[in-house]
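Thanks, everyone. Please pull up the sequence and the model, and keep both in view while I talk.

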Amino acid sequence: YVGGRCAGGGGAGGLLSGTGLSVTAGTSYAVTVGAGGPGGFSGLVTGVNGTNSLLGTLVNGSTGAVGGGGGYGHANAPTYQPTPSIGGSGGGGSNGKTGVAGTSGQGNSGGNGGPDSTPFCGGGGGGSSAAGGAATASLSGNGGAGTANPITGITGLSSIGGNGGAAGFAGANAVVNTGSGGGGGTNNGGAGSSGIVIIKWS
């Protein structure tokens, strides 16, 4: 990891759920499946958010579930940015910096980055049911857990966030469609869980 810098994990997309939505027969509703926040990487100083998930305008209007916050990387000081990116769940912090809160009612905050010194470990991205893990001096933070949902049929996986990388290693991506955050890493953070739109008719 010579010359490496830490990278925060990407946050999961926001989680919204509810019952009793009213729909009109014969009306089309556009469904948009958004993306989780991408992990940061060394040299990236601005986190990039994922995209929002939408079910027409039936859930939270035209905003829907907010895309995951991008993890921050770390360019050579003093050009690095102080915070990761706000999203449904927040992105993880770079070395010496804190994670950021998610969107209220949709997700949790990213984990704090490790010390601002070699080997530079990044915080994990936030998940829908838990905040991202904070990094230590030798281990990047794990991504925050997602939320179990029996409709998906993958309840056994729905709480798994991406693993944070050991010193000098990249973080792991979150398991898709689980609402979990990506792991922090050195040089590269893992991406947050991608979006999913689930509709159950009764």
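G99 is buried, because its relative accessible area is 19% and the cut-off for buried is under 20%. This is a predicted model, so treat that value as computed. Where does G99 sit? In the loop between strand 3 and strand 4. Now look across to A131. G99 and A131 are 32 residues apart in sequence. In space, their C-alpha atoms are 9.4 Å apart.

Stay in that loop. S129 also lies between strand 3 and strand 4. Is S129 buried or partly exposed? Partly exposed, because its relative accessible area is 44%. Its contact to check is G107. The two are 22 residues apart along the chain. Their C-alpha atoms are separated by 6.8 Å.

Next, the overall layout. The chain has 202 residues, and buried residues make up 45% of them. How many helices and strands are there? Zero helices and four strands. From the N terminus on, the order is β-β-β-β. Strand 1 covers 6-7. Strand 2 is 31-32, and strand 3 is 54-55. Strand 4 is 185-186.

Now the loop between strand 2 and strand 3. G39 is in there. G39 counts as buried, because its relative accessibility is 15%. Which residue should you pair with G39? Take G73, 34 residues away along the chain. C-alpha to C-alpha, G39 and G73 are separated by 8.2 Å.

One loop back, between strand 1 and strand 2, find L21. L21 is partly exposed, because its relative accessible area is 45%. Now jump to W201. L21 and W201 are 180 residues apart along the chain. Their C-alpha atoms are separated by 10.0 Å.

On to backbone geometry. Select N187, in the segment after strand 4. What is its phi? Near 75°, a positive value in a residue other than glycine. N187 counts as partly exposed, because its relative accessibility is 24%.

Now the surface. V31, V33 and I199 make a nonpolar patch there. The area of that patch is about 270 Å². V33 is in the loop between strand 2 and strand 3. Keep I199 selected for a moment.

Last topic: pockets. Why a probe at all? Because rolling a probe the size of a water molecule over the atoms shows where empty space is left. The largest pocket holds about 1200 Å³ of space. How many residues line the largest pocket? The count is 43. Which of them lie nearest its centre? L16, S17, G18, I198 and I199. So I199 turns up twice, because it is part of the nonpolar patch and also lines the largest pocket under the 4 Å cut-off for lining atoms.

What about the chemistry of that lining? By class, it has 18 nonpolar and 24 polar residues. One lining residue is charged. Bear in mind that glycine is counted as polar here.

To recap with three selections. G99, buried at 19%. N187, with a positive phi near 75°. And I199, in the nonpolar patch with V31 and V33. Thanks. Questions?

Note on methods
Residues are numbered from 1 along each chain as its sequence is written. This is a predicted model: local features need pLDDT of at least 70, side-chain atom pairs count only at pLDDT 80 or more; totals for chains, interfaces and linings use all residues. Side-chain values use heavy atoms; hydrogens and water are left out. On a 1 Å grid over the protein atoms alone, a cavity is a set of points where a 1.4 Å probe fits but cannot get out, and a pocket is an open set with protein on both sides within 12 Å along at least five of seven lines; lining residues have an atom within 4 Å of a point. Grid points are joined across faces, edges and corners, and a volume is the space filled by probe spheres set on the points. Patches are made of residues with over 30% relative accessible area and no salt bridge: like charges are joined within 9 Å, nonpolar side chains (Val, Leu, Ile, Met, Phe, Trp, Tyr) within 5 Å. Accessible areas come from the Shrake-Rupley method with a 1.4 Å probe; for residues, only the protein chains shown count as cover. A salt bridge is a side-chain nitrogen of Lys or Arg within 4 Å of a carboxyl oxygen of Asp or Glu. Helices (H or I, at least four residues) and strands (E, at least two) are DSSP runs, numbered from the N terminus. Buried means under 20% relative accessible area, exposed over 50%, partly exposed in between (1.4 Å probe, protein chains only).
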